[in-house]
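This report describes a single protein chain for a reader who has not met it before. The sequence and the model are shown first, and the description follows.

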Amino acid sequence: MGTIHVHEFISLDGVIDAPTWTFDYKFLPEMGRAMAAVTGRSRGILLGRTTYEMFEPAWSQRTAEDDPGAPFFNDTTKYVVSGTLAEATWRNSEIIGAYDPGRIRSLKEVGDIYVSGSGTLVRAMLADALVDELHLFLYPLTRGSGPRLFTEEAQARKLSLAACESYEHGVVYLNYRAQG
């Protein structure tokens, strides 16, 4: 049985919106290695509709020469949670319908699942205790307003720190595991 790994770029005040604000910070090779450790063991990608629609034009035309992450994003099966998307145009994509905790739980049968962005989906999965690990790149800035990873309505939970790395520009990688 696989596990669900959520990756987010997050500000100090918890905002996880479209991470254009990360562009001021170089994506360092060490950060790439941390991501490769997660993506390398993942057998599927789970995305919400909005993130899928943002990722498809950004990743579908990239090659390994353009970005070492391109083969993972293009060749791995992508499961899209959407009650409105009619057609998946990015190769290896499957629309699995509206949010259904049971359906998402069953995806673990294919192995580890990687989730990126997809804030609405991630918050629902956190509420339903479907997230096994969080992989956060915490950026040394605040955003003020914007969608947050954890809302005020989120249930209190304990997590255990599995890994932590800091980088020269102040970004910190944090890997937390869900506890029982």
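Is Pro147 buried, partly exposed or exposed? Pro147 is partly exposed, because its relative accessible area is 38%; buried means under 20% relative accessible area, exposed over 50%, and partly exposed in between, with a 1.4 Å probe and protein chains only.

The model is predicted, so local features need pLDDT of at least 70 and side-chain atom pairs count only at pLDDT 80 or more, while totals for chains, interfaces and linings use all residues. Residues are numbered from 1 along each chain as its sequence is written, and side-chain values use heavy atoms, with hydrogens and water left out.

**Overall form**

The chain contains 5 helices and 8 strands. These are DSSP runs numbered from the N terminus, with helices being H or I runs of at least four residues and strands E runs of at least two. Read from the N terminus, the order of elements is β-α-β-α-α-β-β-α-β-α-β-β-β.

The radius of gyration of the chain is 16 Å, which agrees with the value near 16 Å that a compact globule of 180 residues would have. This radius is taken over C-alpha atoms, and the globule rule is 2.2 Å times the number of residues to the power 0.38. Along the principal axes, the C-alpha atoms fill a box of roughly 40 × 40 × 30 Å.

Of the 180 residues, 44% are buried. Among contacts with a separation of 6 or more, 71% are accounted for by residues 24 or more positions apart; contact means heavy atoms within 4.5 Å. The accessible surface comes to about 9,300 Å², and 51% of this surface belongs to carbon and sulfur atoms. Accessible areas come from the Shrake-Rupley method with a 1.4 Å probe, and for residues only the protein chains shown count as cover.

**The nonpolar cores**

The largest nonpolar core has 26 residues, and those with the most contacts inside it are Phe73, Phe137, Tyr139 and Tyr167. Such a core is a set of buried Ala, Val, Leu, Ile, Met, Phe, Trp, Tyr and Cys residues joined through side-chain atoms within 4.5 Å. Two or more residues of this core come from each of helix H1 (29-39), strand S2 (42-48), helix H2 (49-59), helix H3 (70-75) and strand S6 (133-139). The greatest contribution is that of H1, with 4 residues.

Leaving aside neighbours within four places in sequence, the contacts of Phe137 include Phe9, Met31, Met35, Tyr167 and Val171. A second, separate core has 22 residues, among them Ile10, Ile16, Val115 and Val131.

His135 has its place in strand S6. This residue is buried, because its relative accessible area is 1%. Apart from neighbours within four places in sequence, His135 is in contact with residues including His5, His7, Val38, Arg41 and Tyr173. Although His135 and Met35 are 100 residues apart along the chain, their C-alpha atoms are separated by 8.4 Å.

**Residues in the loops**

Several loop residues may be set side by side.

| Residue | Loop | Relative accessible area |
|---|---|---|
| Asp13 | between S1 and H1 | 22%, partly exposed |
| Thr89 | between S3 and S4 | 55%, exposed |
| Asn92 | between S3 and S4 | 37%, partly exposed |
| Ser118 | between S5 and H5 | 6%, buried |

Which residues does Asp13 contact, leaving aside its neighbours within four places in sequence? They are Leu141, Thr142, Arg143, Gly144 and Arg148. Pro147 lies in the loop between S6 and strand S7 (159-166). Not counting residues up to four places away in sequence, Pro147 touches Gly14, Val15, Ile16, Asp17 and Arg123.

With the same kind of neighbours left aside, Thr89 is in contact with Tyr52 and Glu56. Thr89 and Asp67 are 22 residues apart in sequence, and their C-alpha atoms are 21 Å apart in space.

Two of the loop residues also call for a remark on the backbone. Most residues other than glycine have a negative phi. Asn92, which is not a glycine, has a positive phi of about 60°. Ser118, also a residue other than glycine, has a positive phi near 55°.
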